[in-house]
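Biologist: I am new to this model and would like a careful introduction, followed by a close look at the backbone angles. Please explain each term as you come to it.

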Amino acid sequence: MKHVKICSIVFLLATLFFAACTQKNFSALEYVDPFICTEGDHGHWHPSALVPNGLVKLGPDSYPSSLTGDGDWAHSGYNYADDHVRGFSHFHSGSSGGTTIGDRAGYISILPYYGEIDLENPYLPIDKKTEKASPGVYSVSLQENKIDALLSADTHSGFHQYTFKEQGTAHILLYPGNWARTRNFKINVLSDTELNCELTYGQAKFYMHMVFNKPFEKFTAFKDQNKITSDFNGKNTAIVFDFAVKPGDKILIKSGMSSASMEGAMTNLEYEITDWKIQNTIKKAAKKWSYYLDRIRVDGSKRDMTIFYTALYHTYFLPVTTTDVDGTYPGHDIKNHKAVGYTHYDNYAFWDSFRTKYPLYSITAPKLMHDITLSIRDIYDQVDNYAPFPDSDHKPHNSPGLEPKGPNGYQPIRSCRNEHMLSIPTDAYFKGLVDVDMKTIYPGIRNEMTMQMPDKYEKYGYIPERPDQTNEYSYANWCVAQVAKAVGENKDYKKFSKRANYYKNVWDPSIKYFRAKAANGKWLDFPEDPRMNREKYTYEGSKWHWRWFVLHDVPGLIDLFGGKDYFVEQLDYFFNNDLYQAGNQPDIQTPYLFNPAGAPWLTQKWVRKILTEPFPQQYGTHQIFPEPIIDYIYKTTPDGYLIEMDDDYGCMAAWYVLSSMGLFQICVGDPVYQITAPIFDRVEIKLDPDFYKGKSMVIEANNLTKENIYIQSAMLNGKTYNKSHITHKDLVKGGTLVFEMGPEPNKKWGIAK
């Protein structure tokens with residue numbers, strides 16, 4: 001018996017030791033697949049080498065999909081289905097639709113090659129079997145395996161390694177990459193190992209300082225395909241550097257970038273890449289990725305963990321760091337500024353990433369959220385005013401632009417959409433992440449709102465012909481009202497609170513749908529079948545999809561339906577009849593609306609189905625599919641999303657990350673998360689000690705199986721928890737939230753007020 005006890009103790013200790021080692025050796029990077037969402041019209045990401053929120057995204061521009069004007073393919077400049085490259089560019093955006101400035105082919109491209117190449121349309125075949133990528137590194141063989149390309153990057157810098165396998169003359173082509181969107185490309189050769197170049201698009205510039213590891217023998221410059229000997233400056237300027245190489249020779253290129261100045265580009269490179277060992281840059285990039293990705297530890301199947309960590313990885317592509325290492329960044333007033341004590345970020349698409357990505361940041365990356373808030377303050381300070389594009393007041397989502405103080409209307413920094421930007425500082429403030437006087441940010445928040453919904457609409461109490469915009473801006477008005485109250489602007493609080501209720505004025509009680517109303521107050525036509533994806537009066541969604549869009553006042557929306565019973569009945573009908581549009585944003589909150597409506601078991605049911613099962617889809621972005629698609633919404637393959645499903649700067653990726661952990665914030669600005677069961681047995685969120693007192697927040701789902709999807713009971717830090725929501729304050733205190741799972745709904749759990 002004694003021997004058995006000793007063996008048992010030894011076994012227990014060994015088990016604990018193994019578990020500790022496994023925990024210690026865990027790396028989220030092993031589960032990231034950068035090729036997910038890179039094929040065709042399925043997310044529009046790219047496998048570039050980059051670091052979190054890095055300015056430089058060094059990766060391939062694939063051929064032919066990256067050519068501007070190629071329809072819905074390769075908005076990022078890369079399509080996994082292609083087997084040729086046009087070069088390796090330093091800047092890529094992607095993940096969004098055609099409104100993204102600088103989509104498709106990237107900027108400032110390098111292409112190594114032997115022999116001759118068509119400079120007007122340069123491209124080479126690649127060996128797809130050799131193509132590999134992981135966070136911070138990309139590699140491939142090209143030109144019939146004569147050249148091996150290895151790329152890595154830091155925040156403002158890129159590192160190229162090209163291994164030439166045959167003796168002869170190796171060529172390095174440097175050209176704008178994105179001919180169509182480049183306004184000017186200027187090259188200044190400093191020596192036989194160094195050069196500077198400037199690329200202008202719109203009114204913005206990229207500055208690059210480039211260094212070779214060995215001298216080139218000669219260079220040949222071209223403009224409009226003709227050789228030139230001076231004035232290397234122009235939209236279609238390119239330059240080819242020649243090197244004598246033996247088999248196995250490596251040409252290394254280090255490139256420093258800046259959005260502010262050439263001096264900044266040189267300083268950034270000197271600071272970030274200090275040697276000629278690309279493996280050091282690769283290791284440094286991996287460390288930067290681990291800093292963010294390892295903050296969340298989930299335990300589940302390899303498939304689910306791969307989707308989870310790749311989605312988390314995608315949330316950190318954008319926005320980008322436009323601040324040089326000395327704090328200098330280019331402002332929207334077309335002047336350089338200094339960021340002191342924070343990093344200035346730009347390149348945003350707030351619609352609809354404001355609903356998922358920034359709430360995720362507020363939990364897992366509060367310093368990033370803090371700095372983005374101050375960056376938004378900078379943008380507010382640096383623009384004269386906000387003005388919608390002048391062609392129409394009522395165009396759906398007319399993407400109002402930021403008008404700088406400069407001589408024309410160009411946006412100096414690449415941005416996509418700024419609708420609902422004001423929600424980010426609102427949310428950060430009420431989560432305690434703002435360390436400046438909110439009175440300094442409030443005027444910008446207020447001005448943004450009055451730009452999007454000018455005071456002229458107060459005579460209507462809605463936006464004529466636009467029930468969708470009326471509801472969206474009702475939410476935005478609510479945000480302004482909350483901040484106004486907090487900073488003591490009581491008159492504004494009353495004004496914007498009234499405007500926050502405008503959504504009620506476009507609800508037709510006779511049909512119980514939001515409906516377009518003319519300026520004279522009369523109802524406009526409504527489709528006989530509201531399932532039709534007719535975009536008249538509503539954008540990217542049917543009347544069913546926009547029926548649920550009242551983010552800031554769910555109780556008020558429930559009242560419009562006549563109470564919880566009918567609301568739940570209609571919402572469940574919405575899901576049971578395959579009306580949910582998983583590939584777009586207008587209805588992404590709907591699975592969580594069962595919680596405040598008193599039926600949290602239906603949130604548990606539908607969220608899990610969306611995350612883990614093939615889910616029928618009838619709707620594309622702008623139309624109904626000829627035949628419903630029945631497929632997983634999130635996959636581990638290059639077509640990682642549904643057809644036509646853009647990630648929209650990480651919006652859908654963050655939806656997956658939050659939902660699979662069992663969290664979702666319906667109303668950004670109201671620091672409350674709806675909760676449901678995670679799809680993982682265990683989730684651990686390591687909390688930032690500089691912002692939060694808690695060490696970590698652990699969410700466990702005991703007895704979770706394919707059948708046991710319903711919460712039977714919950715304990716928060718050892719005490720019974722009967723709420724289907726949790727405040728941000730309680731979440732970041734840390735501790736353990738434990739769910740007991742079962743196969744049938746417990747309809748008494750989660751309905752406590």
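Modeller: Accessible areas here come from the Shrake-Rupley method with a 1.4 Å probe, and for residues only the protein chains shown count as cover. By that method the protein exposes about 27700 Å², of which carbon and sulfur atoms supply 51%. This is a predicted model, in which local features need pLDDT of at least 70 and side-chain atom pairs count only at pLDDT 80 or more, while totals for chains, interfaces and linings use all residues. Residues are numbered from 1 along each chain as its sequence is written, and side-chain values use heavy atoms, with hydrogens and water left out.

As a setting for the backbone, the C-alpha trace spans about 90 × 80 × 55 Å along its principal axes, and the secondary structure comes to 16 helices and 35 strands (DSSP runs numbered from the N terminus, H or I of at least four residues for helices and E of at least two for strands). The radius of gyration, taken over C-alpha atoms, is 27 Å, which agrees with the value near 27 Å for a compact globule of 753 residues (the rule is 2.2 Å times the number of residues to the power 0.38). Of the 753 residues, 63% are buried, that is, under 20% relative accessible area, with exposed meaning over 50% and partly exposed in between (1.4 Å probe, protein chains only).

Turning to the backbone itself, most residues other than glycine have a negative phi, and most peptide bonds are trans. Against that background, the bond that joins Tyr 63 and Pro 64 is cis, with omega about 10 degrees, and Pro 64 has its place in the loop between β1 (59-63) and β2 (84-91). A cis peptide bond also runs from Trp 351 to Asp 352, with omega near 5 degrees, although here Asp 352 lies in a helix, α5, which covers residues 350-353.

The phi angles add two further places to look at. His 44, which is not a glycine, has a positive phi of about 60 degrees, and is found in the loop between α1 (2-25) and β1. His 44 counts as buried because its relative accessibility is 2%. Glu 644, likewise a residue other than glycine, has a positive phi near 70 degrees, and lies in the loop between β27 (624-631) and α15 (651-661).
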